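This note sets out comments on one structure for a colleague working in computational chemistry. Please read the points alongside the coordinates.

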Amino acid sequence: MNKKVLDKDLIRKKYEKLERNALIMMAIPLPFFALSYLYTTSSTISYQAPDLPLILDTILLTLVIVMLGIHYVNFQSSIKSARTEGRDLEDKVMRYTQATMRRLWVLFVVVFLCAGGLLIYENPGYTISFAVALVFFSLGKPTPDRIIRLLRLKGEEKEAIEALKIRAD
């Protein structure tokens, strides 16, 4: 019984840390993209972007799109692995946490690449890629319901994760 309580406390700590990190990683790049967007759309603000070859624009935008696609496939693969290979709830949550952090780091980098690409090349493709990255950020934010759905938890495991909805003070 005492072991169960310790596991739930450990899961809660991992979840709260993951939730905090997700919010921080979502918030940090937003001002950078916002400034890039303002520079490119404002007629009153002038910014002299460096003259880089146009091929780099194509390469960078392609890289961003590929990173968005690959991150999704890798995340789904990691979640499937957590579901099928996870020995117990703690192991499944650990695998989910690792997969989510990898996903968030990729999205974090993608948003900065979008901000830089938009600032230098003023290509609207970066704005679209940024919007897609925000959707993935939104989908990647951990919630107990998402954990239950992605890991397909049932019974006691589901109840343990649902308990995360109640904030511990």
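The numbered points below concern a predicted model.

1. Aromatic pairs. Across the whole structure, a search returns six aromatic pairs. In one of them, Trp-105 and Phe-108, the ring centres are 5.5 Å apart and the planes stand at 80 degrees, so the arrangement is edge-to-face. These two residues are three positions apart in helix H4 (residues 89-121), a separation of about one helical turn. Trp-105 has a relative accessible area of 48% and is partly exposed, whereas Phe-108 is buried at 15% relative accessibility.

2. A second pair on the same ring. Phe-108 also pairs with Phe-112, again edge-to-face, with 5.1 Å from centre to centre and 75 degrees between the planes. Both residues belong to helix H4 and are four residues apart, about one turn of the helix. Phe-112 is partly exposed, its relative accessible area being 28%. Taken together, ring pairs join Phe-32, Trp-105, Phe-108 and Phe-112 into a cluster.

3. A charge over a ring. Arg-103 is placed over the face of Phe-75, at 4.1 Å from the ring centre. The Arg-103 residue appears again in point 5, among the contacts of His-71.

4. The nonpolar core. The largest nonpolar core comprises 41 residues, of which Tyr-96 and Ile-161 touch the most other members. At least two residues of this core come from each of helix H1 (2-27), helix H3 (54-85), H4, helix H5 (124-140), helix H6 (144-151) and helix H7 (155-162). The greatest contribution is that of H4, with 14 residues. Which residues does Tyr-96 contact, leaving aside its neighbours within four places in sequence? The contacts are Leu-18, Phe-75, Ile-79, Ala-82, Gly-140, Pro-142, Ile-147, Leu-150 and Leu-151. Phe-75, named here as a contact of Tyr-96, is also the residue whose ring lies beneath Arg-103 in the sense of point 3.

5. A buried histidine. His-71 is located in helix H3. Is His-71 buried or exposed? The residue His-71 is buried, because its relative accessible area is 4% and the cut-off for this class is under 20%. The His-71 side chain comes to 2.6 Å from the backbone oxygen of Leu-68. When residues up to four places away in sequence are not counted, His-71 touches Arg-103, Val-106, Leu-107 and Phe-136.

6. Salt bridges within one helix. Side chains of opposite charge can pair when their charged atoms come close. The count for this model comes to seven salt bridges. One of them joins the side chains of Asp-91 and Arg-95, at 3.2 Å from N to O. Both residues are in helix H4, four residues apart, which is about one turn of the helix. Asp-91 counts as buried at 14% relative accessibility, while Arg-95 counts as partly exposed at 23%. Asp-91 and Arg-95 are also members of a salt-bridge network with Glu-85 and Arg-87.

7. A salt bridge between helices. The side chains of Glu-157 and Lys-92 meet in a salt bridge at 3.3 Å, N to O. This pair connects distant parts of the chain, with Glu-157 in helix H7 and Lys-92 in helix H4, 65 residues apart. Glu-157 is partly exposed at 23% relative accessibility, and Lys-92 is buried at 11%.

8. A salt bridge beyond the helices. Where in the chain do Asp-145 and Lys-165 lie? These residues form a salt bridge whose closest N and O atoms are 2.9 Å apart. The pair links distant parts of the chain, since Asp-145 is in helix H6 and Lys-165 is in the segment after H7, 20 residues apart. Asp-145 counts as partly exposed, at 45% relative accessibility. Lys-165 is likewise partly exposed, with a relative accessible area of 44%.

9. Helix H4 in review. Several of the points above return to this helix. H4 holds the ring pair of Phe-108 and Phe-112, and H4 also holds the salt-bridged residues Asp-91 and Arg-95. To the largest nonpolar core, H4 gives the most, 14 residues. Through Lys-92, helix H4 is tied to Glu-157 in helix H7.

Key
Residues numbered from 1 in each chain as written. Predicted model: local features only at pLDDT ≥ 70, side-chain atom pairs only at ≥ 80, totals over all residues. Heavy atoms only, no water. Phe/Tyr/Trp six-rings, centres within 6.5 Å; stacked < 30°, edge-to-face > 60°. Buried < 20%, exposed > 50% of the residue type's maximum accessible area, 1.4 Å probe, protein only. Lys NZ or Arg CZ within 6 Å of the ring centre and 35° of its normal. Core = buried A, V, L, I, M, F, W, Y, C linked by side-chain atoms within 4.5 Å. Contact = heavy atoms within 4.5 Å. Polar contact = N/O pair within 3.5 Å; in protein donor to acceptor, adjacent residues only side chain to side chain. Salt bridge = Lys/Arg side-chain N within 4 Å of Asp/Glu carboxyl O.
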